[in-house]
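Subject: The structure to look through

Hi,

Here is the structure I promised to pass on. Have a scroll through it first, then read my notes below with the viewer open.

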Amino acid sequence: MASVSLHAVSKSFGTHAVIQGVELQIDDGEFVVFVGPSGCGKSTLLRIVAGLVAPSSGIVAIGGDDVTDVPASRRGVAFVFQSYALYPHMSVARNIGFALETLGMARDAVSQKVLGVARMLKVDHLMDRRPRELSGGQRQRVAIGRALVRQPEIFLFDEPLSNLDSDLRMEMRLEIARLHTELKTTMIYVTHDQSEAMTLADRIVVLNQGRVEQVGTPQQLYHAPDNRFVAGFIGSPRMNFLNVSSRQEGEVAVLTGAGNLSLALTTGDAQSGIAEIGIRPEALRLVAEGEGRIACILERVEDLGHEHFGYCRISDGTVWVIRLPQAPLPDRIGKPAGLDFAGSAVYAFAADGRRVAVGAGHVAEGPQP
Amino acid sequence: MSAKLARRDHRAAWLFLLPVLVVILLVAVWPLARTFYFAFTDAYLDDPSVYSIVWFDNFIEVLNDRSWWVAVRNTLVFTVISVAIETGLGLAIALLLNAAIPGRGLARAAILVPWAIPVVVATKMWEWMLNDQFGVINKILSGLGLVDHGIAWTASSSLIMGVVIFVDVWMTTPFMVLLILAGLQLISPEIFEAADVDGIPAWKRFWSITLPMLRPAIGVAVLFRVLDALRMFDLAYVLAASNENVMTVSIYARDRLISFQELGVGSAASTWVFLLVALVAIIIIGVLRLDRAAGT
């Protein structure tokens with residue numbers, strides 16, 4: 001087991017900067033998830049930790065030792081690939097045991113350990129099969145087994161579940177969570193799926209265009225995003241945004257915008273520069289036309305059985321998603337409606353995307369006629 | 001698919017295949033059948049219309065000819081040694097070219113040059129370079145003080161097979177490189193990365209991962225080269241005509257057929273060549289299990 005720290009790590013491919021000055025401290029035994037849209041550099045960052053990609057500059061340390069120039073094979077890490085990268089010509093047993101075999105471990109000891117790992121991952125009945133004879137989920141288990149058997153100090157997962165269908169993904173997610181609870185090994189996990197990040201991580205690192213946007217627990221990122229990017233990326237369905245113009249009246253910002261929005265928020269200082277507000281779908285309530293804080297047209301409703309999503313178009317063309325406790329009456333669809341929300345549910349952002357701290361109390365009256 | 005649709009599909013397929021089948025019938029099946037037929041006759045090339053059936057006499061005559069067995073031995077020696085060297089060299093160069101080195105595209109194009117040169121041109125070129133009096137090779141060797149007089153590379157009976165093998169290796173290694181490189185590039189780089197992270201040493205990675213995964217590609221390349229080498233004619237003939245030290249089975253058949261005008265015996269020799277090549281092909285496909293390996 002070991003900690004990982006990255007100091008001023010950057011990586012460029014030619015003139016294209018993929019990773020830009022990443023600072024990160026991962027504690028021993030922590031489960032950290034790198035999340036971000038595709039192309040944000042999260043896989044490259046993971047490969048830098050593994051030693052598969054050399055950083056252009058910066059320092060990578062594992063367990064306190066500088067390993068920037070140490071080859072992957074001597075970093076004590078195990079890597080689980082998105083494509084599983086199993087050796088296609090070897091049986092399941094040999095795939096899992098191959099690394100031990102090369103260490104010169106006795107044949108009996110190897111098969112003992114392989115069997116133990118295979119039992120743990122419930123693939124012990126497949127030992128003689130070739131990878132091509134396995135299902136996606138089984139291949140993933142074998143790939144994890146191959147990582148597990150070496151008892152690495154750090155587990156690295158590169159989008160391990162994205163080739164699986166949704167049922168299997170859920171199952172393997174639980175399996176990986178269980179592994180972490182049992183082994184208490186440091187794990188770094190890359191995904192583009194924020195729900196995987198939310199459910200697995202002790203801490204999430206949100207990456208965007210090669211930079212760390214925010215590091216924090218899932219709850220911190222959800223409830224207190226640092227900026228518009230994190231606010232928009234974490235949470236499903238994503239946060240609703242609306243461009244606003246603000247007029248400062250002392251410590252109160254009076255916001256106006258589409259849908260006859262009229263909202264006043266207390267701000268800490270007199271120059272808040274609020275340019276955009278965000279409200280999560282679950283903080284919105286559908287009310288009658290002319291009521292609530294913003295006017296819209298209820299365009300469409302999705303009924304998923306256990307939950308219902310309404311899509312409301314605001315006058316500037318923005319569509320907001322609202323999570324409804326029950327499906328509204330069909331005759332409301334296509335008709336004007338109002339949306340109400342508590343002032344404390346509003347996130348405010350400056351033009352550069354930075355979050356502006358606002359007070360909850362001072363909220364003006366609803367839509368003006 | 002309904003039975004009717006399937007039938008229509010089959011009919012269309014046969015329609016498209018028809019022109020090819022006609023061409024194959026004219027240029028392969030018909031001459032081959034004629035050769036088989038003449039092998040059972042005592043025909044001569046000056047007037048092939050006058051002949052009588054002699055059954056297996058020609059086949060037996062070829063087998064009783066000492067020159068035939070010399071040619072068989074030459075052909076097998078040439079095939080085994082040249083294909084072995086080409087495979088080893090081809091694999092090594094392909095592995096080098098597969099590494100992400102700068103200028104790789106240029107190297108890949110440059111290596112093809114020997115293969116693009118016609119066999120006769122390449123052979124003549126090497127014959128000149130190896131000439132005992134005027135050849136550049138002997139010039140270099142004597143310049144370096146390694147020999148005091150020029151070596152008669154192509155005239156010496158002990159050296160000429162070596163020369164033939166050398167020129168063949170020079171000409172056809174690029175073909176091996178190309179086929180093996182194609183096989184290498186089919187292997188996902190993540191498999192090597194996985195081995196890297198797992199701490200598999202380089203030699204073990206080569207023996208236990210690269211080589212087994214390359215087996216289908218190497219197998220196909222070896223098969224192609226062996227079939228080519230077994231019926232080799234041009235290189236040895238241009239270099240040494242009917243010199244017995246490098247006479248291959250193809251040259252033997254040609255001599256019987258053209259030089260001696262023995263259409264019957266020449267056809268029988270050709271048939272033996274055909275059977276020899278077919279036999280070796282079947283053995284290679286069976287040993288390497290190419291038909292099954294293709295599915296992995």
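Let's start with chain B. Reading along the sequence, you meet the pattern α-α-α-α-α-α-α-α-α-α-α-α-α-α. In other words, chain B has 14 helices and 0 strands. Chain B is more spread out than a compact globule, because its radius of gyration is 24 Å, well over the 19 Å that the globule rule gives for 296 residues. You can see that in its outline too: the C-alpha trace of chain B spans about 80 × 75 × 30 Å along its principal axes. Of the 296 residues in chain B, 30% are buried. If you take the contacts in chain B with a separation of 6 or more, 72% of them are between residues 24 or more positions apart. Keep in mind throughout that this is a predicted model.

Next, where the chains meet. How many residues of chain A are in contact with chain B? The count is 17 from chain A, against 16 residues of chain B. On the chain A side, β6 (77–80) and α2 (92–102) each supply at least two of the residues that touch chain B. That side of chain A divides into 12 nonpolar residues, 4 polar and 1 charged.

One helix of chain B is worth a closer look here. Helix α9 of chain B covers residues 189–197, and its buried residues are Ile191(B), Glu193(B), Ala194(B), Ala195(B), Asp196(B) and Val197(B). What do these buried residues pack against? Their partners are α1 (42–50) and β6 of chain A, together with α10 (202–230) of chain B. After α9(B) comes Gly199(B), with a positive phi near 75 degrees.

Now over to chain A. Its domain assignment gives domain 1 (4–227) and domain 2 (240–359). The centres of domain 1 and domain 2 of chain A, taken over C-alpha atoms, are 39 Å apart.

Look for the open sheet of 6 strands in chain A, ordered β6-β7-β8-β3-β9-β10, where the pairing is mixed. Its edge strands are β6 and β10 (211–216) of chain A, each of which pairs on one side only. From one strand to the next, the twist averages 15 degrees. For a parallel pair within it, try β3 (residues 31–35) and β9 (residues 203–208) of chain A, which are joined over 4 bridges. There, Phe34(A) has Val205(A) in β9(A) as its bridge partner. Helix α4 (residues 136–148) of chain A lies across β6 and β7 (154–158) of chain A, and runs at about 175 degrees to β6(A).

For antiparallel pairing, go to β11 (residues 240–249) of chain A. Which strands does β11(A) run antiparallel to? One is β12 (residues 252–257) of chain A, joined to β11(A) by 6 bridges. The other is β14 (residues 274–279) of chain A, joined to β11(A) by 4 bridges. In the first pairing, Ser246(A) has Leu255(A) in β12(A) as its bridge partner. In the second, Asn240(A) stands opposite Ile279(A) in β14(A). The hairpin of β11(A) and β12(A) has 2 residues between the strands, and Gly250(A) takes a positive phi near 70 degrees there.

Have fun clicking around, and send me any questions.

Cheers

How values were computed. Residues numbered from 1 in each chain as written. Chains lettered and ligands numbered in written order. Predicted model: local features only at pLDDT ≥ 70, side-chain atom pairs only at ≥ 80, totals over all residues. Contact = placed C-beta atoms within 7 Å. Nonpolar A, V, L, I, M, F, W, Y, C, P; charged D, E, K, R; others polar. Domains from an automatic or database assignment. Pairing = 2+ DSSP bridges. Buried ≥ 20, exposed ≤ 12 C-beta atoms within 10 Å, placed from the backbone. Axes fitted to C-alpha atoms, helices over the stretch in contact; angles between N-to-C directions. Rg over C-alpha atoms; globule rule 2.2 N^0.38 Å.
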